[in-house]
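Work through the exercises below with the sequence and the coordinates open. Each task is followed by a solution in steps.

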Amino acid sequence: MQLTTPALARAAEESGGTGVFTIAGVPFWVVYAAAFGIVLVRAQATYWAGRGVARGTSRGRVADALASPGAVTVIARVNRWGPPAVTLSFFTVGVQTLVNLAAGYLRMPFGRYLVALLAGCAVWAGIWTTVGTAAVNAAIAVGLRHPVTLVAVGLGAVALVSWVVYRLTHRADRTAAPAAEDAA
């Protein structure tokens, strides 16, 4: 019993046997290592930017607010429970930057942060080098065989994102308008 289709077997032969998770024939582990390094540097830069902002706001109203008993309690909780949030943020799109910035701003101890960061980077690189390269390779295959289909799917994706953004921004406008009328 043959477990692969002829098209998959032919694709494997044409790629030199390196498999589907390659980019231009570069082996999976190289793509993974590059993705891991990129996200590690980016997340570290965001963390240290947060630390820099925290240092710059170490005097004044922000510093006074962060020194209040309630803020001290919240910061202690972030330092204790924040590392899992750092790791889990790598499963999302867009949230990880904010979480890394907040970890730096709230001065999460670097050792705890680094352990959580390395786990998150490993997860992120794994997701993007498997699902991401498979999606890119599929888009290339569709584009080569059916370019009109690829353009239609791309336009559909742009339309969907535009619609979601429109709905979210106008929902905020609709909820703000009655509140403004009630205040008047």
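**Exercise 1. Identify the residues with the most contacts inside the largest nonpolar core, and the elements that supply it.**

Step 1. The largest nonpolar core holds 14 residues, and those with the most contacts inside it are Val86, Phe90, Ala103, Tyr113, Leu117 and Trp124. A nonpolar core is a set of buried Ala, Val, Leu, Ile, Met, Phe, Trp, Tyr and Cys residues joined through side-chain atoms within 4.5 Å. Buried means under 20% relative accessible area, exposed over 50%, and partly exposed in between (1.4 Å probe, protein chains only).

Step 2. Two or more residues of this core come from each of α2 (28-56) and α6 (110-145). The largest contribution is that of α6, with 6 residues. Helices (H or I, at least four residues) and strands (E, at least two) are DSSP runs, numbered from the N terminus.

Step 3. The model is predicted: local features need pLDDT of at least 70, side-chain atom pairs count only at pLDDT 80 or more, and totals for chains, interfaces and linings use all residues. Residues are numbered from 1 along each chain as its sequence is written, and side-chain values use heavy atoms, with hydrogens and water left out.

**Exercise 2. List the contacts of Leu117, leaving aside neighbours within four places in sequence.**

Step 1. Contact means heavy atoms within 4.5 Å.

Step 2. With those neighbours left aside, Leu117 is in contact with Leu40, Ala43, Gln44, Val86, Phe90 and Asn100.

Step 3. Of these partners, Ala43 and Gln44 are among the buried residues of α2, and Leu117 is among the buried residues of α6.

**Exercise 3. Compare the span of α6 with the span expected at 1.5 Å a residue.**

Step 1. The expected span of a helix is 1.5 Å times one less than its number of residues.

Step 2. For the 36 residues of α6 this gives 52 Å, and the end C-alpha atoms are 50 Å apart, which agrees.

Step 3. As a second case, α2 has 29 residues and reaches 42 Å from its first C-alpha to its last, close to the expected 42 Å.

**Exercise 4. Is Gly50 buried or exposed, and which residues does Gly50 touch?**

Step 1. Gly50 lies in helix α2. Gly50 is buried, because its relative accessible area is 0%.

Step 2. Not counting residues up to four places away in sequence, Gly50 touches Leu101, Gly104 and Tyr105.

Step 3. What covers the buried residues of α2 includes α5 (95-105) and α6.
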